[in-house]
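Me: I would be grateful for a close look at a single part of this protein. Please treat it in one connected account, in terms suited to a first-year student.

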Amino acid sequence: LLVCIDFLLLFRFFNDLFKYFSIIVYGDDVSRAKPYPDIYKTFLKKINSYGRNVLAVEDSQNGYNSAKNAGIDCLKINNLSGLIKKLSESDYQTYEI
């Protein structure tokens, strides 16, 4: 399973995770922004895949639409910043997604 995570999600909340990704596609690498599927199609081309075994993680409707239009399953997390804040303020966490 390959996971595509929106760059801004990583940058804002998980900056230390960049080292675990071998392929990064930036918005500057494509001519059209989300909700067009260009960024995800570019990623799929780089990994030589058609969307099978790939999961996108997004926090916006445009991002979700972009992934779906590229044929990728997507986990959309609403209010991610609120979730991260709650996680950082607690000793133990359990969340259902």
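Is the crossing of helix 2 and helix 3 left-handed or right-handed? Please describe this pair of helices and the parts of the chain that lead to and from helix 2.

Reply: The model under discussion is a predicted one. In it, the crossing of helix 2 and helix 3 is right-handed. The residues of this contact comprise 3 nonpolar, 3 polar and 1 charged. On the side of helix 2, the participants are Ile39, Tyr40 and Lys41, and they meet Gly63, Ser66, Ala67 and Asn69 in helix 3.

The geometry may be described next. Helix 2 covers residues 38-47 and helix 3 covers residues 61-69; they pack at an angle of about 45°, and their axes lie 8 Å apart. The two helices are therefore oblique to each other.

It is useful to place this pair within the whole protein. There are 4 helices and 3 strands, and along the sequence they follow the pattern β-α-α-β-α-β-α. Of the 97 residues in the protein, 32% are buried. Helix 2 contributes Asp38, Ile39, Tyr40, Phe43, Leu44 and Ile47 to the buried residues. Two of these, Ile39 and Tyr40, also take part in the contact with helix 3. As for contacts in the protein between residues at least 6 apart in sequence, 43% of them join residues at least 24 apart.

Let us turn to the chain that leads into helix 2. Lys34 lies in the loop between helix 1 (7-13) and helix 2, and Pro35 belongs to that loop as well. The peptide bond that joins Lys34 and Pro35 is cis, with omega about 20°. Most peptide bonds, by contrast, are trans. Lys34 has a relative accessible area of 25%, so it is classed as partly exposed. A link to helix 3 appears here too: the C-alpha atoms of Lys34 and Asn69 are separated by 10.0 Å, although the two residues are 35 apart along the chain. Asn69 is also one of the residues of helix 3 that meet helix 2.

We may now follow the chain out of helix 2. Just after this helix comes Asn48, with a positive phi of about 55°. Asn48 is not a glycine, and most residues other than glycine have a negative phi. Asn48 sits in the loop between helix 2 and strand 2, and its relative accessible area of 69% means that it is exposed. Ser49 is found in the loop between helix 2 and strand 2 (54-58), yet Ser49 is buried because its relative accessibility is 18%, below the cut-off of 20%. Apart from its neighbours within four places in sequence, Ser49 is in contact with Leu44 and Val54. Leu44 is itself one of the buried residues of helix 2. Further on, Asn53 is also located in the loop between helix 2 and strand 2. Asn53 is another residue other than glycine with a positive phi, near 60°, and it is exposed, with a relative accessible area of 60%.

The loop then gives way to strand 2. In strand 2, 4 of the 5 residues are buried, so this strand is largely enclosed by the rest of the structure. Strand 2 runs parallel to strand 3 (residues 73-76), to which 4 bridges join it. Within this pairing, Glu58 stands opposite Lys76 in strand 3.

Definitions and conventions
Residues are numbered from 1 along each chain as its sequence is written. This is a predicted model: local features need pLDDT of at least 70, side-chain atom pairs count only at pLDDT 80 or more; totals for chains, interfaces and linings use all residues. Side-chain values use heavy atoms; hydrogens and water are left out. Axes are lines fitted to C-alpha atoms, for helices over the stretch in contact, and angles run from 0 to 180 degrees between N-to-C directions. Angles under 35 degrees count as roughly parallel, over 145 as roughly antiparallel, 65 to 115 as roughly perpendicular and the rest as oblique. A crossing is left-handed if the near helix is turned anticlockwise from the far one by less than a right angle, and right-handed if clockwise. Contact means heavy atoms within 4.5 Å. Ala, Val, Leu, Ile, Met, Phe, Trp, Tyr, Cys and Pro count as nonpolar, Asp, Glu, Lys and Arg as charged, and the others, Gly among them, as polar. Buried means under 20% relative accessible area, exposed over 50%, partly exposed in between (1.4 Å probe, protein chains only). Two strands pair if DSSP finds at least two bridges between them.
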